[in-house]
Amino acid sequence: MAGERYDIAIIGSGPAGLQAAINASIRNKKIIIFGIEELSHKVVKAPKVSNYLGLPLVTGNELKNAFQEHIDEIGIKITYERITNVYAMGEYFALMVNEKMYEATSIIMATGIEYTKPLKGELEFLGKGVGYCATCDAPLYKGKKVAIIGHNMEAVEDAKYVNELAEKVYFVPMFKDKLTLPEDIEIIKDVPVEILGDEYAKGIKFNNSELFVDGIFIMKDSIMPDQLVPGLELEDGHIKVNRNMETNLPGCFAAGDCVGKPYQYIKAAGEGCVASLSAVSYVNNLK
Ligand SMILES: Cc1cc2nc3c(=O)[nH]c(=O)nc-3n(C[C@H](O)[C@H](O)[C@H](O)COP(=O)(O)OP(=O)(O)OC[C@H]3O[C@@H](n4cnc5c(N)ncnc54)[C@H](O)[C@@H]3O)c2cc1C
């Protein structure tokens, strides 16, 4: 059974969702934000963040604490629930947590990117030698050995970038397209099955071999968010939005990793700000 109706429901407590919540609260909207106590796994797991404006050289955990302090200051409380389905009902959205329902006039999708079928050990070593963002983390592996498991052609560009810093780069193609890589990048044509390690990742176990490296980047595509919101239009595996962060569904906005690359904190927060202001205008225009 539904209770009160919110002006804006925000799904996701990463930088995109939090920034959206801050702006909407400042604009006096009645909001609800769904997420997790840690705020975002992708924030707390970052070993070092060197590209967030105003907070140079923080750890992911310090960044998370700064976000928490900011929302506490404004009085934003996160609802620790995972939305299982969202239905566009015309005048409002019904957000389901299994059998429980919340109602909101507009929604902001800030769900990030969820990766499918992680390798054995992948999540265990995420942030401990395993990363999803070569642009962010490549400097950690200067003069070291790095493997890149690439599920798409964009991973090739990442490999070239990492190769400028690392001592040795191995590339594991998970696709069949023709590859053009610098000669010194070694291509491994075997199927990865497990990330090996103890405290930190130390290598990859393949079907027929093992490789020992200092860092591993896994570059892959995501689960589709249209499973969460039926009718939501996607483009290249991300939620399709315009510059106002409007989706194809009136009243549904989106921001952050779920709308596309680059996967960066500051980009997610900036888009959260835009999505929030667009949602505020949408709600005001209805009243
Ligand atoms: C190890 C690591 C290091 C990184 N380092 C950097 C860096 O140095 N610099 C940089 O700019 N970027 C870095 N990134 C990338 C950065 O983490 C992401 O770009 C950023 O977190 C995206 O923010 P977001 O708000 O879009 O999504 P996320 O931070 O992924 O947050 C998504 C939120 O949505 C919630 N959620 C998802 N589905 C649901 C649901 N159905 N119901 C309720 N809640 C839901 C999740 O629980 C989470 O709270 C790093 C990423 C990783 C993994």
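Here are some short exercises on this predicted model, each with a worked solution.

Before you start, note that residues are numbered from 1 along each chain as its sequence is written. Because the model is predicted, local features need pLDDT of at least 70, side-chain atom pairs count only at pLDDT 80 or more, and totals for chains, interfaces and linings use all residues.

**Exercise 1. The overall picture**

Task: Find how many helices and strands the protein has, and judge its compactness from the radius of gyration.

Solution:
- Step 1. Start with the definitions: helices (H or I, at least four residues) and strands (E, at least two) are DSSP runs, numbered from the N terminus.
- Step 2. By this rule the protein has six helices and 17 strands.
- Step 3. The radius of gyration, taken over C-alpha atoms, is compared with a globule rule of 2.2 Å times the number of residues to the power 0.38. The protein comes out at 20 Å, close to the 19 Å that the rule gives for 287 residues, so it is as compact as a globular protein of that length.
- Step 4. For the outer dimensions, the C-alpha trace spans about 60 × 35 × 35 Å along the principal axes.
- Step 5. Turn to burial: a residue is buried if 20 or more other C-beta atoms lie within 10 Å of its own, exposed if 12 or fewer, and partly exposed in between, with C-beta atoms placed from the backbone. Of the 287 residues, 40% count as buried.

**Exercise 2. The parallel sheet**

Task: Work out which strands stand at the edges of the five-stranded sheet, and which helix lies across β8, β9 and β14.

Solution:
- Step 1. Two strands pair if DSSP finds at least two bridges between them.
- Step 2. The order in this open sheet is β7-β14-β8-β9-β10, and the pairing is parallel. Strands β7 (130–131) and β10 (186–187) are at the edges with a single partner strand each, so one side of each is left without a neighbour in the sheet.
- Step 3. Look at one pair: β7 and β14 (residues 215–219) are joined in the parallel sense by two bridges. Here G131 is opposite F217 of β14.
- Step 4. Now add the helix. Residues 154–165 form α5, which lies across β8 (145–150), β9 (168–173) and β14. Its direction is at about 170° to β8, where axes are lines fitted to C-alpha atoms, for helices over the stretch in contact (C-beta atoms, placed from the backbone, within 7 Å), and angles run from 0 to 180 degrees between N-to-C directions.

**Exercise 3. Two hairpins in a row**

Task: Trace the chain from β11 to β13 and name some bridge partners.

Solution:
- Step 1. Strands β11 (residues 192–197) and β12 (residues 201–206) run antiparallel and share five bridges. The hairpin between them passes through three residues.
- Step 2. Across this pair, E194 has K205 as its bridge partner, and G197 is opposite A201.
- Step 3. A hairpin of three residues then leads from β12 to β13. Strand β13 (residues 210–212) pairs with β12 in the antiparallel sense over three bridges.
- Step 4. In β13, K205 has E210 as its bridge partner, while G203 is opposite F212.
- Step 5. Put together, this is an open antiparallel sheet with the order β11-β12-β13. Its edge strands, β11 and β13, each pair on one side only. On average, neighbouring strands are turned by 20° against each other, direction ignored.

**Exercise 4. Around the ligand**

Task: Find how many residues surround the ligand and which are closest.

Solution:
- Step 1. A residue is near the ligand if its C-beta atom, placed from the backbone, lies within 6 Å of it.
- Step 2. This gives 37 residues, with G12, G14, K42, G112 and G256 the closest.
- Step 3. At least two residues of the shell come from each of α1 (15–26), α2 (41–44), α4 (134–137) and α6 (265–286).
- Step 4. Ala, Val, Leu, Ile, Met, Phe, Trp, Tyr, Cys and Pro count as nonpolar, Asp, Glu, Lys and Arg as charged, and the others, Gly among them, as polar. The shell then has 19 nonpolar, 13 polar and five charged residues.

**Exercise 5. Unusual backbone spots**

Task: Decide whether N28 and L39 are buried or exposed, and find the cis peptide bond.

Solution:
- Step 1. Most residues other than glycine have a negative phi, and most peptide bonds are trans.
- Step 2. N28, in the loop between α1 and β2 (31–34), has a positive phi of about 65°. With 9 C-beta neighbours inside 10 Å, N28 counts as exposed.
- Step 3. L39, in the loop between β2 and α2, has a positive phi of about 75°. Its 22 C-beta neighbours inside 10 Å make L39 buried.
- Step 4. The bond from K261 to P262 is cis, with omega near 0°. P262 is in the loop between β17 (252–254) and α6.

How values were computed:
Contact = placed C-beta atoms within 7 Å.
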